[in-house]
Number of protein chains: 2
Amino acid sequence: MSGRKIISFENIKVACENCSLVSLCLPMGLDPDDVEKLDEIVKRNRPLHRGDHLFREGDKFHSLFVVKAGSVKTYAPSEDGGEQVLGFHLPGELIGLDAIENEEHHCSAKVLETSAVCEIPFTNLEELSSQVPSLQHQMYRLLSREIGHDEDILTLLGKRSAEERLAAFLISLSERFKRRDFSASDFYLSMSRHEIGNYLGLAVETVSRLFTRFQDEGLLKVERKHIQLLDIDRLNNIIQGEERNGNKRQYT
Amino acid sequence: MSGRKIISFENIKVACENCSLVSLCLPMGLDPDDVEKLDEIVKRNRPLHRGDHLFREGDKFHSLFVVKAGSVKTYAPSEDGGEQVLGFHLPGELIGLDAIENEEHHCSAKVLETSAVCEIPFTNLEELSSQVPSLQHQMYRLLSREIGHDEDILTLLGKRSAEERLAAFLISLSERFKRRDFSASDFYLSMSRHEIGNYLGLAVETVSRLFTRFQDEGLLKVERKHIQLLDIDRLNNIIQGEERNGNKRQYT
DNA sequence: CGGGCCATTGACATTCTTCAAAGTTAGTGG
DNA sequence: CCACTAACTTTGAAGAATGTCAATGGCCCG
């Protein structure tokens with residue numbers, strides 16, 4: 001009980017073993033004893049607020065971060081002040097994996113709404129993982145998952161239709177919320193239309209128009225950041241390129 | 001000397017320690033002793049030919065592969081017979097990292113030209129890596145690099161201009177050839193225009209037109225698969241969005 | 001030598017971006 | 001608590017970039 005964290009109002013620190021994200025996060029598949037060891041190296045910082053940075057591109061890499069509550073976006077800033085949004089991260093998702101290679105952050109991470117984050121010093125994690133094979137395995141899995149996830153996005157951006165992209169984006173959010181026991185069909189977007197467009201490679205105006213079009217077609221109800229998916233099946237059809245324009249997907 | 005591989009004409013097996021790719025591949029940063037241990041688990045298969053598959057999406061995952069010579073493309077097949085090209089892999093590059101998570105291949109890998117490939121059974125690699133911290137570290141770095149690389153491509157596809165995409169593609173190839181001591185300005189494309197277009201999210205015709213346009217503008221010389229880059233600086237300018245249309249990159 | 005795939009080119013269609021403007025919302029400071 | 005500004009969102013109209021269709025020629029491989 002030595003390394004146990006204190007619980008306070010300002011800063012509710014839930015040990016990994018009690019965290020609702022345990023099945024999504026690093027401890028997955030670990031023995032209780034090993035979870036405890038992991039727990040001891042995890043730092044739980046106080047809440048972050050909209051606009052705060054976890055890190056910026058070029059910062060020295062020290063820790064991985066796990067979203068505990070709220071949401072975070074990662075993005076690659078470009079010289080001219082622009083940026084490319086790389087991802088939106090929900091509770092249970094790891095951030096900073098791309099920084100391991102050069103011990104330097106490859107992108108920036110900014111908090112989209114009031115959020116809680118766990119910090120895992122990588123040196124400690126690496127050391128622990130060489131002592132705990134199941135943790136090493138879980139690390140490999142998580143890194144691999146991230147690669148697979150990025151490839152999924154590549155496939156998404158390869159599809160050209162703007163409708164397909166937005167539909168896929170919404171379904172992705174929906175499924176991720178669902179796994180976290182949030183509603184799969186009723187949620188709030190923590191990112192702006194601008195950020196959605198940037199992420200999907202579309203102009204803001206296109207995103208906005210699509211939302212109203214989807215609404216007109218009864219696919220969803222949108223009121224600013226509040227989204228209600230009304231016909232998830234049909235959204236899935238759109239992703240497949242089945243709906244509309246008589247499925248034209250070749251690219252053999 | 002027990003596990004040493006035999007050298008034959010049909011199948012030139014170079015031990016890791018003698019491989020020219022040592023600085024790009026897994027052994028990077030390892031002690032000679034550890035390289036030897038790694039060497040013992042690496043399988044070196046006989047040459048593969050154009051069209052051969054290393055694995056297909058859905059195959060059970062056993063091994064990672066490293067391109068030793070030649071080139072390989074990875075792609076995600078879609079139900080309707082189409083596909084999304086995920087990457088082109090040159091000597092020294094690892095393939096299959098996205099399969100670790102579910103022990104099942106997440107994409108397919110097809111050989112583009114006569115190639116040589118090393119196969120690394122993952123179970124052995126994982127076991128060895130938990131005994132050799134520097135190998136574990138190198139594994140983390142490689143996985144992390146792959147994530148960073150995928151993010152770079154996302155950024156690339158976020159740029160909308162077709163010119164920027166093709167220029168970035170050519171520069172990427174050029175730099176990768178360079179690191180392998182091939183010419184950075186004179187090389188052959190092992191992939192078809194179709195595959196390039198698919199990878200970049202462009203129609204074949206657009207790719208073809210861009211090649212001729214680039215040639216007309218003196219940026220390069222193209223003759224079927226043979227490419228000679230004549231003005232790498234200007235290609236880099238195009239990537240930055242500096243050249244042409246008075247740099248219009250906002251997406252703040 | 002033949003067939004099929006690959007590449008190129010032209011003409012046309014369409015989607016999406018760009019530009020412009022107005023309405024909304026949220027946050028700030030008085 | 002209210003006024004005010006800045007940022008965000010929406011909508012319309014026009015234009016541009018890229019995709020689609022179609023046809024031809026060339027190359028590679030069997």
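**A walk through a two-chain model**

With a relative accessibility of 2%, Cys107(A) counts as buried. Cys107(A) is also in no disulfide, since the closest candidate doesn't come close to the cut-off: a disulfide needs two cysteine sulfur atoms within 2.5 Å, and the nearest cysteine sulfur to Cys107(A), that of Cys25(A), is 18 Å away. Keep in mind that this is a predicted model. Cys118(A) tells a similar story: at 10% relative accessibility it counts as buried, and it is in no disulfide, with the nearest cysteine sulfur, that of Cys19(A), 6.3 Å away. Over all chains, the disulfide count comes to zero.

Now step back to the two chains. A turn of 180 degrees, with a shift of 0.0 Å along the axis, lays chain B on chain A with an RMSD of 0.0 Å. The two copies are therefore related as by a two-fold rotation axis. Both copies use the same surface, too: 98% of the contact residues of chain B recur in chain A.

Next, have a look at helix 2 of chain B, residues 122-131. Its buried residues are Phe122(B), Leu125(B), Glu126(B), Leu128(B) and Ser129(B). Down the axis of helix 2 of chain B, these buried residues fall within an arc of 165 degrees, so they line one face of the helix. The spacing fits a general rule: an α-helix has 3.6 residues a turn, so residues three or four places apart point the same way. On the other side of helix 2 of chain B, Thr123(B) and Gln131(B) are exposed. And what covers the buried residues? From chain B, the cover includes helix 1, strand 3, strand 8 and helix 3; helix 3 (133-158) of chain A is part of it as well.

Strands 3 and 8 lead us on to a sheet. In chain B, four strands form an open sheet in the order 1-8-3-6, with antiparallel pairing. Strand 1 (43-44) and strand 6 (94-95) of chain B are the edges, each pairing on one side only. Strand 6 of chain B is joined to strand 3 (residues 63-69) of chain B by two bridges, and Phe65(B) has Ile95(B) as its bridge partner there.

Last stop: a hairpin further along chain B. Strand 10 and strand 11 (residues 226-229) of chain B run antiparallel, joined by four bridges, and Lys221(B) stands opposite Gln228(B). Two residues lie between the strands, and Arg224(B) takes a positive phi near 60 degrees. Along strand 10 of chain B the side chains alternate: Leu220(B) and Val222(B) point to one face and are buried, whereas Lys221(B) and Glu223(B) point to the other and are not.

Key
Residues are numbered from 1 along each chain as its sequence is written. Chains are lettered from A and ligands numbered from 1 in the order in which they are written. This is a predicted model: local features need pLDDT of at least 70, side-chain atom pairs count only at pLDDT 80 or more; totals for chains, interfaces and linings use all residues. Side-chain values use heavy atoms; hydrogens and water are left out. Buried means under 20% relative accessible area, exposed over 50%, partly exposed in between (1.4 Å probe, protein chains only). Two strands pair if DSSP finds at least two bridges between them. The arc is that of the directions from the helix axis to the C-beta atoms. Contact means heavy atoms within 4.5 Å. Copies are superposed by least squares on the C-alpha atoms of residues with pLDDT of at least 70 in both.
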